[in-house]
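Biologist: I should like to go through this model and ask, for each label, what justifies it. Please show the sequence and structure first.

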Amino acid sequence: MKNSWKRRLWAFMLVLILSVTAACTDEFEEINTNPNVPESVNNPGLLLPSVIRSTLNDHYTGSWRRGAIVADYLANQFVSAFDWTPSDASDYFLWSFYGDMRNVQNIIDISEEYGYENYRGIALVYRSFLFQSLTDIYGDIPFTEAIKAKSDNINFPKYDTQEEIYAGLLADLEEANSILGSGTESITGDILFDGDLMSWRKFANSLQLRILLRQSDRVDPSAGMQKILNDPDTYPIFTSHEDQAALQYLDELGNEFPRYRVTTYGGSTHLSTTLETYLKDLNDPRLVVFASPTPATASANVKEYAGVPNGINNEDTYNGGSAYQSPPGLLWAPLVYSAEASPTAAQSLLMTYSELQFILAESVEKGYITGDAEAFYLSGIEDQFDYYASRIPENFTYPQVADVMPDASYYTQELVAYEGTTEEKLEKIGIQKWLALFNCGYEGWSEWRRTGIPDIVPGPNSSGAVPLRHFYPLSEGNLNKANYDVANARQGGDLLQTRVWWDVD
């Protein structure tokens, strides 16, 4: 009887458990659905702001902490802060863009489903900017099969050649320019251009000109450039720094420029002697923008600016130590450095009007297009001073707007005046373009790789060479090894001295 009673008890408990489980299963979907989170998104404007903010914060930080050093604007003990390891590629070398591009692709997918041509055009332009940034750092990267795990079940994408990637980017930008403005939907969530579709078209076509010139040692850019420049109604481009591609930060907590709330400034990073020398030789007032006075002279009537050679072993004691070394400029300073630091003065620059003007000046000088090379050159310089004058906050004690603007003699001095041989003119264009790309560190590095301007001398901590690309992330060699190996065999190895495709020796 005792065993019979136990059997009846276990049977009852089993029925009870099965009943409860069935009830829970029936209500599982309802119970585990958050009514405050939509199951699907049909408004791309909900995705756009987080995509732009996330990628540009990474771009700003990486370009500042890595690109500005390898391009020799700023100096550190390691010449490029690449640190010769692949482990930090996601944090500082923008591989994290691939995660963000899933939402860029979602914008494209939603747009195609609902016929949102304006959003699709914006996403194509922005995706092109992200891929261009990535391929110029690494060379061959996943492109045509990237971000297709969800749509096509491709979890191990192949690496496309940089030549194929550049052709694809130009095609995407051409398509984007043609469809922007053709949709009927209004744009929300656009924190870059506030829904101004003409600005997105200008960015698309200006970015085409950047790409065309960058690959010019491999592919003649003449036809592509002439198509854009000979039809400005169809292919609008930037007209001043007021319509260039620049993210404006806010003074709201969490929306300031990314380094505003860091706890240190300068540290082992200072103005480079390379940048110091060029600016002082030109008597260039951007010196007081790009760098802060040495701490020893910051309160003096006569302020001094002193750089540090990139990649030296004794940076801590160089020139008497940090009291006699200039930190980066106040525009980019965090609040911990100065009560005058601004959360909004610095912008994240994707592409500037001054860069475009130097692209046009070089292209005329090399015969790719017709026009007035000197006019483009001078316009690029003048806009630089106007731009930085516009960024100086009213609360700055020093520098102020008047300190940033040069007098007329700046343009007539031998090192700036647009005269000399073609080689000398191209050198002047290259130097002014390098200076103009100060706040776009990775672009400054790319231009140095393409032109060899300026002359960058690596220090003893740099293994005797300035990096020509960065390592792929360690995860690629572990998780996507077959495609990683193919790319490395084709490209010349996963090495810092492997040249990317457009970087012709």
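Modeller: Let us begin with P399, which sits in the loop between helix 13 (373-391) and helix 14 (401-404). Helices here are DSSP runs of H or I with at least four residues, strands are runs of E with at least two, and both are numbered from the N terminus. The model is predicted, so local features need pLDDT of at least 70 and side-chain atom pairs count only at pLDDT 80 or more, while totals for chains, interfaces and linings use all residues. Residues are numbered from 1 along each chain as its sequence is written, and side-chain values use heavy atoms, with hydrogens and water left out.

Biologist: What is omega for the peptide bond from Y398 to P399, and what is that bond called?

Modeller: Omega is near 5 degrees, and the bond is cis. A second cis bond joins I453 and P454, with omega about 0 degrees; P454 belongs to the loop between helix 17 (441-451) and helix 18 (474-479). Such bonds are worth noting because most peptide bonds are trans.

Biologist: What makes the phi of D72 notable?

Modeller: D72 is not a glycine, yet its phi is positive, at about 70 degrees. D72 occupies the loop between helix 2 (48-70) and strand 1 (74-75). L94 also has a positive phi, near 70 degrees, and is a residue other than glycine; the loop between helix 3 (89-92) and helix 4 (97-114) holds L94. Most residues other than glycine have a negative phi.

Biologist: Is D72 buried or exposed, and how do you know?

Modeller: Buried means under 20% relative accessible area, exposed over 50%, and partly exposed in between (1.4 Å probe, protein chains only). D72 has 2% and is therefore buried. L94, at 1%, is buried as well.

Biologist: Why is N488 assigned to its class of accessibility?

Modeller: N488 has 10% relative accessibility, so N488 counts as buried. N488 lies in helix 19 (residues 481-491). Not counting residues up to four places away in sequence, N488 touches Y472, G493 and D494, where contact means heavy atoms within 4.5 Å.

Biologist: What earns the name of a nonpolar core, and which residues have the most contacts inside the largest one?

Modeller: The name is given to a set of buried Ala, Val, Leu, Ile, Met, Phe, Trp, Tyr and Cys residues joined through side-chain atoms within 4.5 Å. The largest such core has 135 residues, and those with the most contacts inside it are F203 and W332. Helix 5 (residues 117-138) gives the largest share of this core, 12 residues. Beyond its neighbours within four places in sequence, F203 is in contact with V125, F129, F193, F238, A245, L350 and M351.

Biologist: How many cavities of 30 Å³ or more does the structure hold, and what makes a space a cavity?

Modeller: There are 2. On a 1 Å grid over the protein atoms alone, a cavity is a set of points where a 1.4 Å probe fits but cannot get out, and lining residues have an atom within 4 Å of a point. Points are joined across faces, edges and corners, and the volume is the space filled by probe spheres set on them. The largest cavity holds about 40 Å³. Its lining consists of H59, Q132, S133, D136, Y442, E443 and S446. Helix 5 and helix 17 each give two or more residues to that lining.

Definitions and conventions. 1 Å grid on protein atoms, 1.4 Å probe; cavity = no way out; pocket = protein on both sides within 12 Å on 5 of 7 lines; lining within 4 Å.
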